[in-house]
Amino acid sequence: IALGTEADVFCYGYIGDPNEPMPNSIASFEDVEVKYVPRATYDQVGDASLGDLIFVNGGPETGIVAGETYLAVEPAELVYHPETGELIGRQYDYVGQVRILCTENGRARALVTEACREIKIGARLKPIPQLPIPITRIPQMAAWCDPPSGRTSGYIIGSRGWELGMVEGTLVQINLGRDDQIEPGDFLTVTRPSVHADQPRQILGQLG
């Protein structure tokens with residue numbers, strides 16, 4: 001089966017450098033009369049959604065290319081290691097996609113082609129990465145008596161919409177990647193240490 005959907009990949013986000021440079025951003029909406037809220041300040045103007053025309057801060061000199069589609073990204077909270085407390089990075093949320101219609105010096109005009117949720121003024125633009133969704137066969141989950149595999153272990157460091165616990169279908173982020181020989185389509189066993197020091201780990205589930 002497919003391990004996920006395009007929405008799972010392009011409406012979630014990633015953890016990156018806390019100060020990742022993204023020079024291009026959404027500047028304003030074309031239909032300012034409809035978006036305007038009486039007595040609102042500039043930054044309180046309404047949000048963009050599917051089909052809206054927008055202006056972009058940034059042009060050819062900052063890498064914007066007419067005809068290309070970009071992810072709209074909103075920087076979110078800092079993410080820390082759940083055990084050591086070490087800063088890992090910043091959560092960046094994907095909120096939609098925009099296609100550049102035309103460019104000029106320092107500015108571009110674009111169309112919102114996908115919206116995961118409301119897109120606000122100031123959302124950054126980032127080229128869409130190539131992230132194919134793996135097709136795989138789900139393996140049998142590790143049993144209670146199975147010993148640890150001995151492979152590199154890590155931690156779940158973030159999840160979408162869940163803080164106290166996670167269920168089947170929850171999207172998560174882990175602190176393992178290519179450098180740890182983890183590839184799309186791999187499966188990992190989710191465990192936690194037993195509260196009793198003389199007992200083995202407790203198996204909670206698996207993730208793909």
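These legends go with an overview and several close-ups of a predicted model of the protein.

**Figure 1. The whole chain, from the N terminus on.** Start with the parts list: the protein has 2 helices and 11 strands. Reading from the N terminus, the elements go α-β-β-α-β-β-β-β-β-β-β-β-β. The fold is more spread out than a compact globule, because its radius of gyration is 21 Å, well over the 17 Å that the globule rule gives for 208 residues. Along the principal axes, the C-alpha atoms fill a box of roughly 65 × 35 × 25 Å. Of the 208 residues, 31% are buried. Take the contacts between residues at least 6 apart in sequence, and 65% of them join residues at least 24 apart.

**Figure 2. The surface and its charges.** About 13500 Å² of the protein is exposed, and carbon and sulfur atoms supply 51% of that area. As for charge, there are 16 positive and 28 negative ones. Average the positions of each set, and the two means come out 2 Å apart.

**Figure 3. The disulfide between Cys-11 and Cys-116.** How many disulfides does a search of the whole structure find? There is 1, and it pairs Cys-11 with Cys-116, with 2.0 Å between their sulfur atoms. This pair ties together distant parts of the chain, 105 residues apart. Cys-11 sits in the loop between helix H1 (6-10) and strand E1 (13-16), while Cys-116 is in the loop between strand E6 (107-115) and strand E7 (124-127). The torsion about the S-S bond is about -80 degrees, so this disulfide is left-handed. Cys-11 is partly exposed at 23% relative accessibility, and Cys-116 is also partly exposed, at 28%.

**Figure 4. Two further cysteines, Cys-102 and Cys-145.** If you're after cysteines at the surface, have a look at this pair of views. Cys-102 has a relative accessibility of 33%, so it counts as partly exposed. Cys-145 counts as exposed because its value is 70%, and the cut-off for exposed is over 50%.

**Figure 5. Asp-93 in strand E5 and the residues around it.** Asp-93 lies in strand E5. Is this residue buried or exposed? At 18% relative accessibility, Asp-93 counts as buried, since the cut-off is under 20%. Leaving out neighbours within four places in sequence, Asp-93 is in contact with Tyr-12, Gly-13, Ala-72, Val-73, Glu-74, Ala-76 and Arg-117. For a longer reach across the view, try Gly-161: its C-alpha is 12 Å from that of Asp-93, with the two positions 68 residues apart along the chain.

**Figure 6. Arg-99, also in strand E5.** Arg-99 belongs to strand E5, which covers residues 87-104. With a relative accessible area of 32%, Arg-99 is partly exposed. Which residues does Arg-99 contact, leaving aside its neighbours within four places in sequence? They are Gly-67, Glu-68, Thr-69, Arg-109, Ala-110, Leu-111 and Thr-113. One of these, Ala-110, is 11 residues away along the chain, and its C-alpha is 5.4 Å from that of Arg-99.

**Figure 7. Asp-52, just ahead of strand E3.** Asp-52 is in the loop between helix H2 (32-35) and strand E3 (53-57). Loop or not, Asp-52 is buried, with a relative accessible area of 18%. To get your bearings, find Ala-108: it is 56 residues from Asp-52 in sequence and 14 Å away in space, C-alpha to C-alpha.

**Figure 8. Pro-23 in the loop between E1 and E2.** Pro-23 lies in the loop that runs from E1 to strand E2 (25-29). This proline is exposed, with a relative accessible area of 58%. Setting aside neighbours within four places in sequence, Pro-23 is in contact with Asn-57 and Thr-62. Gly-58 is worth picking out too: from Pro-23 to Gly-58 is 35 residues in sequence and 7.1 Å in space, C-alpha to C-alpha.

**Figure 9. Gln-181 and its positive phi.** What is the phi of Gln-181 near? The answer is 60 degrees, a positive value in a residue other than glycine. Most residues other than glycine have a negative phi. Gln-181 is in the loop between strand E9 (172-174) and strand E10 (188-192). At 56% relative accessibility, Gln-181 counts as exposed.

Definitions and conventions
Residues are numbered from 1 along each chain as its sequence is written. This is a predicted model: local features need pLDDT of at least 70, side-chain atom pairs count only at pLDDT 80 or more; totals for chains, interfaces and linings use all residues. Side-chain values use heavy atoms; hydrogens and water are left out. Helices (H or I, at least four residues) and strands (E, at least two) are DSSP runs, numbered from the N terminus. The radius of gyration is taken over C-alpha atoms; the globule rule is 2.2 Å times the number of residues to the power 0.38. Buried means under 20% relative accessible area, exposed over 50%, partly exposed in between (1.4 Å probe, protein chains only). Contact means heavy atoms within 4.5 Å. Accessible areas come from the Shrake-Rupley method with a 1.4 Å probe; for residues, only the protein chains shown count as cover. Lys and Arg count as positive and Asp and Glu as negative; His and the chain ends are not counted. The place of a charge is taken as NZ of Lys, CZ of Arg, CG of Asp or CD of Glu. A disulfide is a pair of cysteine sulfur atoms within 2.5 Å.
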